[in-house]
Amino acid sequence: MTDWHVAMLQEELDEGTVRCHVCPRLCRVAPGKSGVCRARVNRDGVLYAITYGRVCSVAADPIEKKPLYHFFPGTKVLSLGSVGCNFACRHCQNWQIAHADPSEATRDLRDLPVRNLAVLAANNACQGVAWTYNEPTIWFEYILDGAQAAHKHGLYTVMVTNGYITEDALAMLAPHIDAYRVDVKGFSNAQYKELCRIPDMRPVLESAERAKAAYGCHVEIVTNVIPTFNDDDTTLRGIATWIVERLGPETPWHVTRFMPYLEFSHLPPTPLSSLERAITIGHDAGLQFVYIGNVPRHDGENTICPRCRRLLVRRTGYAVEDVALRGTFCAMCGQNVNVRTTIKG
Ligand code: SF4
């Protein structure tokens with residue numbers, strides 16, 4: 001208890017109750033209680049971030065696994081996860097950690113102080129640090145400190161997120177984040193309510209827009225295409241058009257195969273035809289880079305130059321072969337293909 005970290009962005013209310021301003025749930029937390037994510041606990045009128053520096057998952061992953069295809073391709077990233085989430089997705093593939101109660105699970109977590117991140121990354125041949133596996137927003141203070149430490153050591157920083165973060169929290173975090181990888185799970189409030197129990201999806205879209213426009217983050221979008229839930233043309237076209245109009249046609253969109261799980265166990269895996277239709281919809285909307293995910297060895301994993309149509313990067317699973325990429329340009333025709341290989345200064 002004594003080493004719990006005092007939470008940032010907390011507002012004192014009455015009778016020891018505090019409000020958390022990290023994500024748009026804006027939890028009002030009474031003494032002895034926790035917020036929806038369960039990673040932030042009110043003890044005697046002060047909110048604590050009880051998972052600060054406490055990790056349950058540590059791995060050296062290919063950056064392509066996040067997935068990020070236009071960001072330091074072919075590198076490894078030190079990937080960190082803890083427990084808790086501010087969503088409650090009905091098909092969550094990481095439910096063991098996302099739905100775990102941090103107040104009980106923390107005793108099984110291991111300490112990973114910020115000062116150790118750079119050495120751990122170097123020992124595992126990683127060029128960056130990613131906060132991933134569970135929702136990083138609820139790990140706000142640890143990421144804020146960790147990302148700054150990573151940058152001091154020349155490491156890139158990545159958030160793999162549901163995008164549900166307040167403007168204030170993003171303003172503090174995003175200047176220290178190089179890549180902001182966001183899940184867009186549907187394109188209506190009704191879909192977000194049904195899938196994630198979130199009433200309003202606008203903060204998700206707005207955080208992605210702001211991360212790119214205001215803070216210069218490299219942004220890639222992922223949509224897990226779920227049969228009968230979000231695989232209709234209206235939803236897919238809505239997401240693709242939003243990306244083109246609000247993030248730019250050069251923004252990569254990953255449409256990934258859903259596998260039956262938890263409350264969505266009754267649904268089938270996404271047919272390949274649905275993913276290929278999503279690619280067509282994305283291209284028709286004007287997107288230059290639409291990728292198929294969770295379908296190994298499909299041509300939709302490769303990067304094709306949007307101008308001369310030559311193969312630039314061949315991917316087989318997480319193996320990457322640079323065929324004709326020169327930095328961020330097509331080696332054949334010189335087209336800029338939006339590949340980020342620099343860290344924020
Ligand atoms: S971060 Fe957690 S405690 Fe804070 S508002 Fe979101 S769900 Fe509530």
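**Two helices, two domains and their core**

Helix H7 passes helix H8 in a right-handed crossing. This is a predicted model. H7 covers residues 202-213, and H8 covers residues 233-247. Their axes come within 10 Å and cross at roughly 35°.

Look at the side of H7 that meets H8. From H7, the contact uses Leu-205, Ala-208, Glu-209 and Lys-212. From H8, Trp-242, Arg-246 and Leu-247 take part. Four of these contact residues are nonpolar and three are charged. None is polar.

Now follow some of these residues inward. Ile-221 touches Ala-208 of the H7 contact. Ile-221 also touches Trp-242 and Leu-247, which H8 brings to that contact. Other partners of Ile-221 include Val-182, Val-184, Ile-243 and Thr-251. Pro-252, Trp-253 and His-254 are also among them. This list leaves out residues up to four places away in sequence.

Ile-221 belongs to the largest nonpolar core, which has 81 residues. Within this core, Ile-221 and Trp-253 touch the most other members. Domain 1 (5-49) and domain 2 (54-291) both give residues to the core, so it lies between them. Another core lies apart from it and has 11 residues. Among them are Cys-305, Val-313, Leu-325 and Val-337.

Step back to the whole chain. It is divided into domain 1 (5-49) and domain 2 (54-291). The C-alpha centres of the two domains lie 24 Å apart. Where they meet, domain 1 supplies 17 residues to the contact, and domain 2 supplies 26 residues.

Terms used:
Residues numbered from 1 in each chain as written. Predicted model: local features only at pLDDT ≥ 70, side-chain atom pairs only at ≥ 80, totals over all residues. Heavy atoms only, no water. Axes fitted to C-alpha atoms, helices over the stretch in contact; angles between N-to-C directions. Helix = DSSP H or I, 4+ residues; strand = E, 2+ residues; numbered from the N terminus. Left-handed = near helix turned anticlockwise from the far one by under 90°. Contact = heavy atoms within 4.5 Å. Nonpolar A, V, L, I, M, F, W, Y, C, P; charged D, E, K, R; others polar. Core = buried A, V, L, I, M, F, W, Y, C linked by side-chain atoms within 4.5 Å. Buried < 20%, exposed > 50% of the residue type's maximum accessible area, 1.4 Å probe, protein only. Domains from an automatic or database assignment.
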